[in-house]
Amino acid sequence: MSKLKKLISWLAIGLLGITLAACGQQKSTPNKSSAVHVTNRQVRVVATDTIIGDITKNIAGKHAQIHVIVPTGQDPHEYDPLPADVRSTSKADVIFYNGVNLENAPNAWFTKLQKNIGPAASKKSHAVSDGIDVIYLQGRNETGKEDPHAWLNLANGIIYAKNIAIQLSAVDPQHKTDYHRNMKRYTAKLARLDAAAKTKFAKIPANKKLIVTSEGCFKYFSKAYNIPSAYIWEINTEEEGTPDQISSLVRKLRQVKPKSLFVESSVNAKPMQTVSKDTGIPIHSTLFTDSIAAKGKTGDSYYGMMKWNLDKIAEGLRVD
């Protein structure tokens, strides 16, 4: 999208936000608690991306109506919200976002969306990543250098689910038991997959362990499963697939000689195809990183995308 179109889009959203905020003020009741408590209807939930939306669906079950802002297959690092996203966010009972400097960075799209809607949106917003052990970009432990891809470690996905259950219970206490039961069942399923993956990767020789992807988004995965990673660029908000970046990775791969390369479903495959051509190393599979797959396709859930990634990475590392 051109800069002019982006500006027009954000101006329109800003005007809609002002209108909705004004309407909300007219309907407010003085001296009444700002806490939302839902009764006799579904909870109105907004999730910033498909991964959070799917985890929420597993916890909420029939008790929630969920609007996901960033569509399937799109990059949540950069997004231009639609008027429908603004309306749903303004009417939501609870809003779930990833945090860790992804969509909530100072100039990021979700931060702007919250500001356009007004203070009520911020009060209803909750980072599902609260409580994770944050990993930093370029090894620099400083604000603004957080790696947001925490969900690629299943242990963090379990933290996401627990945080979502807590907040759903807070806005809809009459169904707290259901949320807790669904969370326990769902997190047990994720924990079993996590344990099986650790057993599987432990059997692969250390000299075969290297995940090579386009974006450097597998740091949490690498730490969880003790598999080093290499990449063309570090994060999708920077320049992607420049000649210097490609040349640097090619030089490294000619030394370490991994058996397989991988490319993510939400990025341009051409830079990795160039790396493959220059090194003679095949691309083994596409991996899911920033989005689940389209409904009905393999990987159309958080559990499904993680199982696919774990299986395909294990296959690629074992290639002889």
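## Fold report: a four-stranded sheet and helix α7

Of the 320 residues in the protein chain, 50% are buried. Buried means under 20% relative accessible area, exposed over 50%, and partly exposed in between, with a 1.4 Å probe and protein chains only. This is a predicted model, where local features need pLDDT of at least 70, side-chain atom pairs count only at pLDDT 80 or more, and totals for chains, interfaces and linings use all residues. Residues are numbered from 1 along each chain as its sequence is written, and side-chain values use heavy atoms, with hydrogens and water left out.

The protein chain holds 11 helices and eight strands. Both are DSSP runs numbered from the N terminus: helices are H or I with at least four residues, strands are E with at least two. Contact means heavy atoms within 4.5 Å. Among contacts in the protein chain with a separation of 6 or more, 66% join residues 24 or more positions apart.

### The sheet

Four strands form an open sheet in the order β2-β1-β3-β4, and the pairing is parallel. β2 and β4 (125-127) stand at the edges with a single partner strand each, so one side of each has no neighbour in the sheet. From one strand to the next, the twist averages 25 degrees. Two strands pair if DSSP finds at least two bridges between them. Strands of a sheet pair through backbone hydrogen bonds, either parallel or antiparallel.

How many bridges link β1 (residues 43-47) and β2 (residues 64-68)? Five, in the parallel sense. Val 46 has His 67 of β2 as its bridge partner. Ala 47 has Val 68 of β2. β1 and β3 also run parallel, joined by three bridges. Here Val 45 stands opposite Val 94 in β3.

Four of the five residues of β1 are buried, so this strand is largely enclosed by the rest of the structure.

β1, helix α2 (residues 50-60) and β2 make a right-handed β-α-β unit. A crossover is right-handed if, with the strands pointing away from the viewer, the path from the first strand over the helix to the second runs clockwise.

### Helix α7

Helix α7 (residues 176-202) has 27 residues. From first C-alpha to last, α7 reaches 38 Å, close to the 39 Å expected at 1.5 Å a residue. The expected span is 1.5 Å times one less than the number of residues.

The buried residues of α7 include Asp 178, Tyr 179, Asn 182, Met 183 and Tyr 186. Leu 190, Leu 193 and Phe 201 are also among them. The buried residues of α7 pack against β1, α2, α6 (154-171), α8 (219-225) and α11 (302-318).

How do α7 and α11 pack, and at what angle? The angle is about 5 degrees, with the axes 11 Å apart. Axes are lines fitted to C-alpha atoms, for helices over the stretch in contact, and angles run from 0 to 180 degrees between N-to-C directions. The two helices, α7 and α11, are therefore roughly parallel to each other. Angles under 35 degrees count as roughly parallel, over 145 as roughly antiparallel, 65 to 115 as roughly perpendicular and the rest as oblique. On the α7 side, the contact includes Tyr 186, Lys 189, Leu 190 and Leu 193. On the α11 side, it includes Tyr 302, Met 306, Leu 310 and Leu 317.

### Individual residues

Four residues show a range of settings.

| Residue | Location | Relative accessible area |
|---|---|---|
| Ile 292 | loop between β8 (283-287) and α11 | 11%, buried |
| Val 100 | loop between β3 (94-97) and α4 (109-117) | 12%, buried |
| Ala 195 | helix α7 | 43%, partly exposed |
| Lys 257 | loop between α9 (243-256) and β7 (261-264) | 61%, exposed |

Not counting residues up to four places away in sequence, Ile 292 touches Thr 50, Ile 51, Asp 54, Thr 72 and Gly 73, among others. Tyr 302 and Met 305 are also among its contacts. Ile 292 and Gly 304 are 12 residues apart in sequence and 8.1 Å apart in space, C-alpha to C-alpha. Ala 195 and Ala 155 are 40 residues apart in sequence, with 9.9 Å between their C-alpha atoms.

Most residues other than glycine have a negative phi. Val 100 has a positive phi, near 55 degrees. Lys 257 also has a positive phi, near 50 degrees.
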